[in-house]
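Please look over the sequence and the model shown here before reading on. The paragraphs that follow go from the whole chain to its interior and then to a single residue.

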Amino acid sequence: MNDATYVSVYFSYFLFFLLACGAIFFFVRSLKDGYLGSDSEEPKYRMLHDDEGDLPTHPRRMS
Amino acid sequence: MAVQPTIASAPVVAGQDFHQDTTVKMFLLGAVGYFAIVGIIALIIAAKFVWPGFLGTISYFTYGRMRPLHVNGMLFGWLLAADMGLAYYIVPRLCGVKLWSEKLGVATSILWNIIIVSAIFSLLGGYQKGLEYADLPTPVAILVVIAWVMFGVNIFATIATRKYQQMYVSTWYLMGTILWTAFVYLTGNFATLLPGVTGVNQANLTWMYTHNAVGLIFTPAGLAVSYYFIPRASNTPLFSHKLSMIGFWSLAFVYVWTGAHHMIHGPISQWLQTISIVFSVMLLIPVWAVVYNFIATLKGQWHQLSDNISLKFLMSGTVFYLLTCFQGPMHSLRSVSAIVSKTDWIPGHAHMAVLGTFSFMAMAGVYYVVPRIFKTTLHSEALANWSFWLFLIGGLGMFTSLWLGGFWQGWQWNNPAIPFIDTVVALKAVWMVRFLSGIIIFSGIVLFMFNILSTAIGAGQRQTIAQPATAKA
(Lines give C-alpha, C1' and ligand atoms only; values in the text may rest on other atoms or scores of the structure.)
Protein backbone atom coordinates (compact mmCIF):
# COMPACT_ATOMS: atom_id res chain seq x y z
CA MET A 1 0.00 0.00 0.00
CA ASN A 2 1.38 3.39 -0.94
CA ASP A 3 0.07 6.97 -0.88
CA ALA A 4 -1.89 6.46 -4.10
CA THR A 5 -3.67 3.32 -2.91
CA TYR A 6 -4.23 4.19 0.73
CA VAL A 7 -7.85 3.46 1.62
CA SER A 8 -8.86 7.02 2.49
CA VAL A 9 -7.46 8.24 -0.84
CA TYR A 10 -10.28 6.48 -2.66
CA PHE A 11 -12.68 8.91 -1.04
CA SER A 12 -10.76 11.75 -2.67
CA TYR A 13 -10.86 9.93 -6.00
CA PHE A 14 -14.63 9.71 -5.59
CA LEU A 15 -14.87 13.44 -4.90
CA PHE A 16 -12.74 14.16 -7.97
CA PHE A 17 -15.06 11.96 -10.01
CA LEU A 18 -18.14 13.80 -8.71
CA LEU A 19 -16.56 17.17 -9.50
CA ALA A 20 -15.56 16.07 -12.98
CA CYS A 21 -19.13 14.85 -13.65
CA GLY A 22 -20.52 18.12 -12.33
CA ALA A 23 -18.12 20.14 -14.46
CA ILE A 24 -19.08 18.23 -17.62
CA PHE A 25 -22.81 18.49 -16.83
CA PHE A 26 -22.71 22.23 -16.26
CA PHE A 27 -20.43 22.82 -19.25
CA VAL A 28 -22.95 21.10 -21.53
CA ARG A 29 -25.82 22.91 -19.80
CA SER A 30 -24.06 26.25 -20.24
CA LEU A 31 -23.60 25.55 -23.95
CA LYS A 32 -27.31 24.73 -24.29
CA ASP A 33 -28.39 27.85 -22.39
CA GLY A 34 -26.24 30.11 -24.55
CA TYR A 35 -23.75 31.22 -21.91
CA LEU A 36 -20.85 30.54 -24.26
CA GLY A 37 -22.54 31.40 -27.55
CA SER A 38 -23.37 34.57 -29.44
CA ASP A 39 -25.94 35.61 -26.80
CA SER A 40 -23.51 35.28 -23.93
CA GLU A 41 -23.01 39.01 -23.49
CA GLU A 42 -26.71 39.86 -23.30
CA PRO A 43 -27.04 39.75 -19.47
CA LYS A 44 -24.36 42.40 -18.95
CA TYR A 45 -26.34 44.94 -20.96
CA ARG A 46 -29.68 43.94 -19.43
CA MET A 47 -28.42 44.39 -15.86
CA LEU A 48 -27.77 48.06 -16.58
CA HIS A 49 -31.45 48.47 -17.42
CA ASP A 50 -33.06 46.84 -14.40
CA ASP A 51 -35.99 48.56 -12.77
CA GLU A 52 -33.91 50.94 -10.66
CA GLY A 53 -33.26 53.04 -13.71
CA ASP A 54 -29.81 54.37 -14.40
CA LEU A 55 -27.44 56.70 -12.73
CA PRO A 56 -26.97 60.11 -14.22
CA THR A 57 -24.21 59.96 -16.77
CA HIS A 58 -21.07 61.53 -15.46
CA PRO A 59 -20.26 64.70 -17.41
CA ARG A 60 -16.75 63.45 -18.14
CA ARG A 61 -17.82 59.93 -19.02
CA MET A 62 -17.15 58.85 -22.57
CA SER A 63 -20.31 57.71 -24.28
CA MET B 1 -26.44 69.69 5.92
CA ALA B 2 -27.17 70.52 2.33
CA VAL B 3 -26.16 67.69 0.10
CA GLN B 4 -25.80 67.78 -3.62
CA PRO B 5 -26.52 64.50 -5.34
CA THR B 6 -23.57 63.01 -7.16
CA ILE B 7 -23.10 60.00 -9.30
CA ALA B 8 -22.47 57.90 -6.21
CA SER B 9 -25.49 58.94 -4.22
CA ALA B 10 -28.10 60.14 -6.64
CA PRO B 11 -31.49 58.85 -5.60
CA VAL B 12 -33.58 57.27 -8.28
CA VAL B 13 -37.28 57.59 -7.79
CA ALA B 14 -38.72 56.02 -10.88
CA GLY B 15 -39.76 52.43 -10.41
CA GLN B 16 -38.23 52.18 -6.97
CA ASP B 17 -41.44 51.34 -5.15
CA PHE B 18 -41.52 48.05 -7.01
CA HIS B 19 -39.14 46.68 -4.39
CA GLN B 20 -40.05 46.91 -0.73
CA ASP B 21 -36.45 46.44 0.46
CA THR B 22 -37.37 46.14 4.16
CA THR B 23 -35.09 43.12 4.48
CA VAL B 24 -32.25 44.96 2.78
CA LYS B 25 -32.57 47.86 5.22
CA MET B 26 -32.64 45.61 8.28
CA PHE B 27 -29.62 43.56 7.22
CA LEU B 28 -27.49 46.49 6.11
CA LEU B 29 -28.13 48.75 9.09
CA GLY B 30 -27.57 45.86 11.50
CA ALA B 31 -24.33 44.92 9.74
CA VAL B 32 -23.01 48.48 9.89
CA GLY B 33 -23.77 48.66 13.62
CA TYR B 34 -22.00 45.36 14.34
CA PHE B 35 -19.02 46.52 12.25
CA ALA B 36 -18.45 49.36 14.72
CA ILE B 37 -19.04 47.27 17.83
CA VAL B 38 -16.64 44.54 16.75
CA GLY B 39 -14.16 47.19 15.66
CA ILE B 40 -13.79 48.14 19.34
CA ILE B 41 -13.02 44.50 20.15
CA ALA B 42 -10.37 44.50 17.41
CA LEU B 43 -8.70 47.54 18.96
CA ILE B 44 -8.65 45.93 22.40
CA ILE B 45 -6.98 42.83 20.95
CA ALA B 46 -4.40 44.91 19.07
CA ALA B 47 -3.67 46.80 22.30
CA LYS B 48 -3.17 43.53 24.17
CA PHE B 49 -0.33 42.59 21.81
CA VAL B 50 1.52 45.76 22.81
CA TRP B 51 0.46 45.86 26.46
CA PRO B 52 -0.26 42.23 27.44
CA GLY B 53 -1.64 43.24 30.83
CA PHE B 54 -4.28 45.54 29.35
CA LEU B 55 -7.70 44.54 30.80
CA GLY B 56 -6.07 41.23 31.64
CA THR B 57 -7.71 40.84 35.03
CA ILE B 58 -11.26 40.98 33.71
CA SER B 59 -12.30 37.57 32.43
CA TYR B 60 -14.68 38.94 29.81
CA PHE B 61 -11.85 40.92 28.21
CA THR B 62 -9.20 38.22 28.14
CA TYR B 63 -7.61 37.42 24.80
CA GLY B 64 -9.19 33.95 24.66
CA ARG B 65 -12.67 35.49 24.66
CA MET B 66 -11.98 38.68 22.72
CA ARG B 67 -10.34 37.03 19.73
CA PRO B 68 -13.22 34.63 18.84
CA LEU B 69 -15.64 37.50 19.33
CA HIS B 70 -13.64 39.69 16.94
CA VAL B 71 -13.33 36.97 14.30
CA ASN B 72 -16.93 35.75 14.43
CA GLY B 73 -18.32 39.25 14.85
CA MET B 74 -16.54 40.54 11.76
CA LEU B 75 -17.33 37.44 9.70
CA PHE B 76 -20.97 36.92 10.62
CA GLY B 77 -22.11 40.15 12.29
CA TRP B 78 -20.65 42.52 9.71
CA LEU B 79 -19.49 40.95 6.47
CA LEU B 80 -21.87 38.05 5.90
CA ALA B 81 -24.84 40.13 7.09
CA ALA B 82 -23.84 42.94 4.69
CA ASP B 83 -23.42 40.47 1.83
CA MET B 84 -26.82 38.92 2.62
CA GLY B 85 -28.44 42.37 2.65
CA LEU B 86 -26.84 43.19 -0.69
CA ALA B 87 -27.96 39.83 -2.09
CA TYR B 88 -31.55 40.69 -1.12
CA TYR B 89 -31.06 43.92 -3.10
CA ILE B 90 -29.28 42.50 -6.14
CA VAL B 91 -31.13 39.27 -6.91
CA PRO B 92 -34.69 40.63 -7.31
CA ARG B 93 -33.38 43.40 -9.57
CA LEU B 94 -31.32 41.07 -11.74
CA CYS B 95 -34.27 38.69 -12.01
CA GLY B 96 -36.78 41.45 -12.77
CA VAL B 97 -39.15 40.31 -10.02
CA LYS B 98 -39.93 41.13 -6.40
CA LEU B 99 -38.23 39.27 -3.57
CA TRP B 100 -40.09 35.97 -3.20
CA SER B 101 -41.08 36.68 0.41
CA GLU B 102 -40.36 39.94 2.20
CA LYS B 103 -41.83 38.46 5.40
CA LEU B 104 -39.43 35.53 5.26
CA GLY B 105 -36.60 38.02 4.68
CA VAL B 106 -37.58 40.07 7.72
CA ALA B 107 -37.86 36.90 9.82
CA THR B 108 -34.38 35.89 8.62
CA SER B 109 -33.02 39.27 9.63
CA ILE B 110 -34.57 39.02 13.10
CA LEU B 111 -33.15 35.53 13.55
CA TRP B 112 -29.75 36.73 12.34
CA ASN B 113 -29.75 39.47 14.98
CA ILE B 114 -30.71 36.93 17.65
CA ILE B 115 -27.73 34.83 16.51
CA ILE B 116 -25.28 37.71 16.69
CA VAL B 117 -26.46 38.86 20.12
CA SER B 118 -26.36 35.25 21.37
CA ALA B 119 -22.85 34.91 19.96
CA ILE B 120 -21.68 38.06 21.73
CA PHE B 121 -22.96 36.88 25.11
CA SER B 122 -21.82 33.28 24.75
CA LEU B 123 -18.33 34.13 23.48
CA LEU B 124 -17.85 36.80 26.16
CA GLY B 125 -19.02 34.25 28.72
CA GLY B 126 -16.41 31.79 27.52
CA TYR B 127 -18.85 29.37 25.91
CA GLN B 128 -17.20 28.32 22.66
CA LYS B 129 -16.06 25.25 20.73
CA GLY B 130 -12.45 26.35 20.39
CA LEU B 131 -12.35 25.69 16.65
CA GLU B 132 -11.09 28.37 14.27
CA TYR B 133 -14.00 30.36 12.76
CA ALA B 134 -16.33 27.74 14.29
CA ASP B 135 -16.21 29.01 17.85
CA LEU B 136 -19.96 29.50 18.17
CA PRO B 137 -21.63 27.05 20.59
CA THR B 138 -23.54 24.31 18.80
CA PRO B 139 -27.06 25.67 19.58
CA VAL B 140 -26.09 29.03 18.03
CA ALA B 141 -24.50 27.23 15.06
CA ILE B 142 -27.79 25.37 14.54
CA LEU B 143 -29.59 28.73 14.43
CA VAL B 144 -27.11 29.85 11.77
CA VAL B 145 -28.03 26.81 9.68
CA ILE B 146 -31.75 27.58 10.05
CA ALA B 147 -31.23 31.22 9.08
CA TRP B 148 -29.13 30.17 6.09
CA VAL B 149 -31.85 27.80 4.89
CA MET B 150 -34.39 30.64 5.17
CA PHE B 151 -32.06 32.92 3.22
CA GLY B 152 -31.39 30.25 0.59
CA VAL B 153 -35.07 29.42 0.09
CA ASN B 154 -35.93 33.09 -0.42
CA ILE B 155 -33.12 33.75 -2.89
CA PHE B 156 -33.57 30.54 -4.88
CA ALA B 157 -37.35 30.99 -5.01
CA THR B 158 -36.81 34.51 -6.33
CA ILE B 159 -34.41 33.22 -8.97
CA ALA B 160 -36.85 30.44 -9.90
CA THR B 161 -39.49 33.05 -10.75
CA ARG B 162 -37.12 35.27 -12.77
CA LYS B 163 -38.20 37.00 -15.95
CA TYR B 164 -35.04 36.20 -17.91
CA GLN B 165 -33.66 32.79 -18.78
CA GLN B 166 -29.99 33.75 -18.84
CA MET B 167 -28.70 34.82 -15.46
CA TYR B 168 -26.13 37.55 -14.89
CA VAL B 169 -22.89 36.36 -13.29
CA SER B 170 -23.72 37.92 -9.89
CA THR B 171 -26.71 35.58 -9.64
CA TRP B 172 -24.45 32.60 -10.32
CA TYR B 173 -22.00 33.70 -7.65
CA LEU B 174 -24.78 34.21 -5.08
CA MET B 175 -26.24 30.79 -5.82
CA GLY B 176 -22.76 29.38 -5.37
CA THR B 177 -22.37 31.24 -2.09
CA ILE B 178 -25.56 29.71 -0.72
CA LEU B 179 -24.77 26.15 -1.75
CA TRP B 180 -21.07 26.21 -0.84
CA THR B 181 -21.72 27.86 2.51
CA ALA B 182 -24.08 25.03 3.35
CA PHE B 183 -21.50 22.28 3.04
CA VAL B 184 -18.55 24.37 4.21
CA TYR B 185 -20.35 25.51 7.37
CA LEU B 186 -21.70 22.04 8.15
CA THR B 187 -18.21 20.59 7.77
CA GLY B 188 -16.52 23.12 10.02
CA ASN B 189 -19.17 23.28 12.72
CA PHE B 190 -20.61 19.78 12.85
CA ALA B 191 -18.49 17.22 10.94
CA THR B 192 -15.51 18.23 13.09
CA LEU B 193 -17.44 17.12 16.17
CA LEU B 194 -18.34 13.64 14.92
CA PRO B 195 -17.04 10.66 16.93
CA GLY B 196 -13.63 9.60 15.70
CA VAL B 197 -12.86 12.93 14.05
CA THR B 198 -9.94 13.96 16.21
CA GLY B 199 -6.37 15.13 15.96
CA VAL B 200 -5.04 15.56 12.44
CA ASN B 201 -8.35 14.59 10.83
CA GLN B 202 -10.17 17.28 12.79
CA ALA B 203 -7.48 19.84 11.97
CA ASN B 204 -7.73 18.96 8.29
CA LEU B 205 -11.51 19.43 8.28
CA THR B 206 -11.16 22.66 10.26
CA TRP B 207 -8.71 24.11 7.74
CA MET B 208 -10.93 23.00 4.90
CA TYR B 209 -13.72 25.01 6.56
CA THR B 210 -11.59 27.97 7.58
CA HIS B 211 -9.99 28.51 4.21
CA ASN B 212 -13.22 27.93 2.35
CA ALA B 213 -15.12 30.26 4.67
CA VAL B 214 -13.10 32.91 2.87
CA GLY B 215 -12.83 31.18 -0.49
CA LEU B 216 -16.31 29.75 -0.94
CA ILE B 217 -18.42 32.10 1.20
CA PHE B 218 -16.91 35.58 1.20
CA THR B 219 -15.17 35.33 -2.17
CA PRO B 220 -18.24 34.48 -4.26
CA ALA B 221 -20.40 36.87 -2.24
CA GLY B 222 -17.86 39.67 -2.64
CA LEU B 223 -17.42 39.00 -6.34
CA ALA B 224 -21.20 38.93 -6.83
CA VAL B 225 -21.35 42.34 -5.22
CA SER B 226 -18.49 43.68 -7.35
CA TYR B 227 -19.81 42.22 -10.61
CA TYR B 228 -23.07 44.07 -9.91
CA PHE B 229 -21.84 47.37 -8.53
CA ILE B 230 -18.80 48.05 -10.74
CA PRO B 231 -20.94 48.27 -13.90
CA ARG B 232 -23.80 49.99 -12.06
CA ALA B 233 -21.71 52.54 -10.20
CA SER B 234 -19.69 53.38 -13.32
CA ASN B 235 -22.68 53.10 -15.65
CA THR B 236 -20.49 50.99 -17.92
CA PRO B 237 -21.16 47.45 -19.19
CA LEU B 238 -19.00 44.63 -17.88
CA PHE B 239 -16.02 43.91 -20.16
CA SER B 240 -16.92 40.26 -20.80
CA HIS B 241 -19.74 38.15 -19.40
CA LYS B 242 -18.26 35.06 -21.00
CA LEU B 243 -14.97 35.60 -19.16
CA SER B 244 -16.88 36.12 -15.91
CA MET B 245 -18.52 32.71 -16.32
CA ILE B 246 -15.13 31.08 -16.95
CA GLY B 247 -13.94 32.70 -13.73
CA PHE B 248 -16.97 31.41 -11.83
CA TRP B 249 -16.65 27.78 -12.91
CA SER B 250 -12.90 27.68 -12.47
CA LEU B 251 -13.33 29.07 -8.94
CA ALA B 252 -15.96 26.41 -8.26
CA PHE B 253 -13.60 23.66 -9.39
CA VAL B 254 -10.38 24.90 -7.82
CA TYR B 255 -11.09 26.45 -4.44
CA VAL B 256 -12.35 23.58 -2.36
CA TRP B 257 -9.02 21.73 -2.39
CA THR B 258 -6.81 24.48 -1.07
CA GLY B 259 -7.45 24.40 2.69
CA ALA B 260 -4.74 21.85 3.48
CA HIS B 261 -2.06 24.32 2.43
CA HIS B 262 -2.32 25.62 6.00
CA MET B 263 -0.86 22.29 7.11
CA ILE B 264 2.17 22.19 4.81
CA HIS B 265 5.05 20.46 6.62
CA GLY B 266 2.47 19.21 9.13
CA PRO B 267 1.58 15.61 9.97
CA ILE B 268 -0.69 15.04 6.96
CA SER B 269 -0.11 12.97 3.85
CA GLN B 270 2.31 14.38 1.30
CA TRP B 271 -0.21 13.80 -1.51
CA LEU B 272 -2.76 15.96 0.31
CA GLN B 273 -0.20 18.71 0.76
CA THR B 274 0.76 18.48 -2.92
CA ILE B 275 -2.88 18.60 -4.05
CA SER B 276 -3.49 21.69 -1.92
CA ILE B 277 -0.40 23.38 -3.42
CA VAL B 278 -1.37 22.51 -7.00
CA PHE B 279 -4.92 23.80 -6.58
CA SER B 280 -3.70 26.90 -4.72
CA VAL B 281 -1.51 27.82 -7.68
CA MET B 282 -4.40 27.06 -10.05
CA LEU B 283 -6.36 29.76 -8.18
CA LEU B 284 -4.50 32.27 -10.29
CA ILE B 285 -6.82 31.31 -13.19
CA PRO B 286 -10.15 32.48 -11.69
CA VAL B 287 -8.45 35.37 -9.94
CA TRP B 288 -6.95 36.70 -13.14
CA ALA B 289 -10.27 36.20 -14.98
CA VAL B 290 -12.00 38.34 -12.35
CA VAL B 291 -9.36 41.05 -11.99
CA TYR B 292 -8.85 41.45 -15.73
CA ASN B 293 -12.61 41.73 -16.23
CA PHE B 294 -12.97 44.43 -13.57
CA ILE B 295 -10.00 46.45 -14.77
CA ALA B 296 -10.98 46.15 -18.43
CA THR B 297 -14.51 47.28 -17.54
CA LEU B 298 -13.13 50.56 -16.27
CA LYS B 299 -10.98 51.14 -19.36
CA GLY B 300 -11.52 54.80 -20.27
CA GLN B 301 -13.56 55.32 -17.07
CA TRP B 302 -10.86 55.61 -14.43
CA HIS B 303 -11.54 59.32 -14.03
CA GLN B 304 -14.81 58.36 -12.33
CA LEU B 305 -12.86 57.26 -9.26
CA SER B 306 -12.26 60.90 -8.36
CA ASP B 307 -15.83 61.49 -7.22
CA ASN B 308 -17.44 58.07 -7.00
CA ILE B 309 -17.09 56.61 -3.52
CA SER B 310 -18.45 53.18 -4.43
CA LEU B 311 -15.96 52.82 -7.29
CA LYS B 312 -13.10 53.86 -5.03
CA PHE B 313 -13.87 51.04 -2.63
CA LEU B 314 -14.58 48.55 -5.42
CA MET B 315 -11.39 49.11 -7.40
CA SER B 316 -9.21 49.28 -4.28
CA GLY B 317 -10.83 46.02 -3.24
CA THR B 318 -9.97 44.60 -6.65
CA VAL B 319 -6.31 45.50 -6.23
CA PHE B 320 -6.28 43.95 -2.76
CA TYR B 321 -8.00 40.87 -4.23
CA LEU B 322 -5.20 40.49 -6.76
CA LEU B 323 -2.55 40.95 -4.06
CA THR B 324 -4.10 38.58 -1.55
CA CYS B 325 -4.73 35.93 -4.20
CA PHE B 326 -1.12 36.20 -5.37
CA GLN B 327 0.02 35.87 -1.77
CA GLY B 328 -2.10 32.76 -1.15
CA PRO B 329 -0.65 30.56 -3.91
CA MET B 330 2.87 31.79 -3.16
CA HIS B 331 2.79 31.00 0.55
CA SER B 332 1.28 27.61 -0.15
CA LEU B 333 4.60 26.59 -1.74
CA ARG B 334 6.65 24.42 0.59
CA SER B 335 9.70 26.69 0.55
CA VAL B 336 7.71 29.85 1.38
CA SER B 337 5.46 28.08 3.87
CA ALA B 338 8.53 26.95 5.79
CA ILE B 339 9.12 30.60 6.63
CA VAL B 340 5.70 32.24 6.96
CA SER B 341 3.42 29.46 8.22
CA LYS B 342 1.87 30.25 11.65
CA THR B 343 3.56 33.69 11.70
CA ASP B 344 1.97 37.14 11.61
CA TRP B 345 2.11 36.90 7.81
CA ILE B 346 -1.07 34.81 7.95
CA PRO B 347 -3.27 37.33 9.83
CA GLY B 348 -1.82 39.98 7.50
CA HIS B 349 -3.00 37.90 4.55
CA ALA B 350 -6.38 37.18 6.16
CA HIS B 351 -7.00 40.83 6.98
CA MET B 352 -6.20 41.88 3.42
CA ALA B 353 -8.74 39.32 2.17
CA VAL B 354 -11.55 39.96 4.63
CA LEU B 355 -11.04 43.68 5.27
CA GLY B 356 -9.09 44.97 2.28
CA THR B 357 -10.94 43.00 -0.35
CA PHE B 358 -14.37 41.80 0.71
CA SER B 359 -15.22 44.46 3.29
CA PHE B 360 -14.21 47.14 0.79
CA MET B 361 -16.55 45.55 -1.74
CA ALA B 362 -19.36 45.31 0.81
CA MET B 363 -18.87 48.94 1.90
CA ALA B 364 -19.04 50.00 -1.74
CA GLY B 365 -22.37 48.20 -2.00
CA VAL B 366 -23.66 49.76 1.21
CA TYR B 367 -22.66 53.27 0.06
CA TYR B 368 -24.45 52.62 -3.24
CA VAL B 369 -27.58 50.96 -1.89
CA VAL B 370 -28.51 52.81 1.31
CA PRO B 371 -29.26 56.22 -0.29
CA ARG B 372 -31.35 54.47 -2.94
CA ILE B 373 -33.46 52.29 -0.68
CA PHE B 374 -34.14 55.25 1.61
CA LYS B 375 -34.82 57.41 -1.46
CA THR B 376 -32.42 60.12 -0.44
CA THR B 377 -28.89 61.34 -0.89
CA LEU B 378 -25.86 60.23 1.06
CA HIS B 379 -25.52 62.24 4.27
CA SER B 380 -21.99 63.42 3.42
CA GLU B 381 -19.77 62.71 0.43
CA ALA B 382 -16.86 64.31 2.28
CA LEU B 383 -17.19 61.91 5.22
CA ALA B 384 -17.44 59.01 2.79
CA ASN B 385 -14.15 60.08 1.22
CA TRP B 386 -12.55 60.42 4.62
CA SER B 387 -13.71 56.95 5.55
CA PHE B 388 -12.19 55.55 2.34
CA TRP B 389 -8.77 57.10 2.93
CA LEU B 390 -8.75 56.08 6.60
CA PHE B 391 -9.56 52.49 5.63
CA LEU B 392 -6.93 52.51 2.88
CA ILE B 393 -4.11 54.07 4.93
CA GLY B 394 -4.91 52.10 8.08
CA GLY B 395 -5.31 48.89 6.10
CA LEU B 396 -2.02 49.30 4.26
CA GLY B 397 -0.27 50.01 7.57
CA MET B 398 -1.70 46.87 9.13
CA PHE B 399 -1.13 44.56 6.14
CA THR B 400 2.44 45.58 5.41
CA SER B 401 3.53 45.58 9.06
CA LEU B 402 2.14 42.07 9.51
CA TRP B 403 3.71 40.74 6.30
CA LEU B 404 7.14 42.14 7.08
CA GLY B 405 6.81 41.23 10.76
CA GLY B 406 5.67 37.73 9.80
CA PHE B 407 8.65 37.17 7.52
CA TRP B 408 10.99 38.43 10.20
CA GLN B 409 9.27 36.23 12.78
CA GLY B 410 9.62 33.21 10.47
CA TRP B 411 13.34 33.79 9.91
CA GLN B 412 13.85 34.00 13.67
CA TRP B 413 11.83 30.84 14.32
CA ASN B 414 13.99 29.02 11.78
CA ASN B 415 17.08 29.91 13.77
CA PRO B 416 17.31 27.51 16.73
CA ALA B 417 19.87 29.77 18.40
CA ILE B 418 17.19 32.43 19.08
CA PRO B 419 15.03 31.72 22.16
CA PHE B 420 11.31 31.90 21.37
CA ILE B 421 10.61 34.65 23.89
CA ASP B 422 13.16 36.85 22.12
CA THR B 423 11.14 36.53 18.90
CA VAL B 424 8.06 37.69 20.80
CA VAL B 425 9.80 40.73 22.28
CA ALA B 426 11.30 41.60 18.89
CA LEU B 427 7.88 41.97 17.31
CA LYS B 428 6.59 44.57 19.77
CA ALA B 429 7.34 47.40 17.34
CA VAL B 430 5.38 45.63 14.60
CA TRP B 431 2.42 45.18 16.89
CA MET B 432 2.56 48.86 17.84
CA VAL B 433 2.26 49.76 14.15
CA ARG B 434 -0.69 47.37 13.91
CA PHE B 435 -2.36 49.02 16.89
CA LEU B 436 -1.90 52.51 15.43
CA SER B 437 -3.17 51.28 12.06
CA GLY B 438 -6.13 49.79 13.90
CA ILE B 439 -6.99 53.18 15.36
CA ILE B 440 -7.00 54.64 11.83
CA ILE B 441 -9.17 51.80 10.52
CA PHE B 442 -11.56 52.15 13.44
CA SER B 443 -11.88 55.87 12.73
CA GLY B 444 -12.91 54.89 9.20
CA ILE B 445 -15.48 52.47 10.58
CA VAL B 446 -16.97 55.18 12.82
CA LEU B 447 -17.26 57.64 9.93
CA PHE B 448 -18.77 54.92 7.72
CA MET B 449 -21.33 53.98 10.37
CA PHE B 450 -22.19 57.61 11.16
CA ASN B 451 -22.64 58.44 7.48
CA ILE B 452 -24.82 55.43 6.73
CA LEU B 453 -26.98 55.76 9.84
CA SER B 454 -27.36 59.51 9.27
CA THR B 455 -28.41 58.82 5.71
CA ALA B 456 -31.05 56.40 6.92
CA ILE B 457 -32.27 58.46 9.86
CA GLY B 458 -32.29 61.75 8.00
CA ALA B 459 -33.81 60.33 4.85
CA GLY B 460 -37.17 61.98 5.32
CA GLN B 461 -35.64 65.40 5.83
CA ARG B 462 -33.69 65.51 2.59
CA GLN B 463 -35.05 66.31 -0.78
CA THR B 464 -35.46 63.56 -3.31
CA ILE B 465 -34.89 64.40 -6.92
CA ALA B 466 -36.31 63.04 -10.10
CA GLN B 467 -34.17 60.74 -12.16
CA PRO B 468 -32.16 62.58 -14.78
CA ALA B 469 -32.08 61.47 -18.39
CA THR B 470 -29.80 58.52 -18.92
CA ALA B 471 -27.43 57.43 -21.57
CA LYS B 472 -26.02 54.04 -22.27
CA ALA B 473 -22.79 52.93 -23.72
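In this predicted model, 54% of the 473 residues of chain B count as buried. The C-alpha trace of chain B spans about 70 × 45 × 45 Å when it is laid along its principal axes, and its radius of gyration is 22 Å, which agrees with the value near 23 Å that a compact globule of 473 residues would have.

As for secondary structure, chain B contains 15 helices and zero strands. Among the contacts in chain B with a separation of 6 or more, 85% are made by residues that lie 24 or more positions apart.

The interior can be followed through the largest nonpolar core, which has 140 residues, and in which B:L28, B:A81, B:V366 and B:Y367 have the most contacts. The element that gives the most to this core is helix α6 of chain B, residues 199-234, with 19 residues. As a general matter, nonpolar side chains tend to be buried together in soluble globular proteins.

A single position can now be examined in its surroundings, namely B:I159, which lies in helix α4 of chain B, a helix that covers residues 138-160. Is B:I159 buried or exposed? B:I159 is buried, because 20 other C-beta atoms lie within 10 Å, and 20 or more is what the cut-off for a buried residue asks for. Leaving aside residues up to four places away in sequence, B:I159 touches B:V91, B:C95, B:T171 and B:M175. The C-alpha atoms of B:I159 and B:G96 are separated by 9.4 Å, although these two residues are 63 residues apart along the chain.

Notes: Residues numbered from 1 in each chain as written. Chains lettered and ligands numbered in written order. Predicted model: local features only at pLDDT ≥ 70, side-chain atom pairs only at ≥ 80, totals over all residues. Core = buried A, V, L, I, M, F, W, Y, C linked by C-beta atoms within 7 Å. Buried ≥ 20, exposed ≤ 12 C-beta atoms within 10 Å, placed from the backbone. Helix = DSSP H or I, 4+ residues; strand = E, 2+ residues; numbered from the N terminus. Rg over C-alpha atoms; globule rule 2.2 N^0.38 Å. Contact = placed C-beta atoms within 7 Å.
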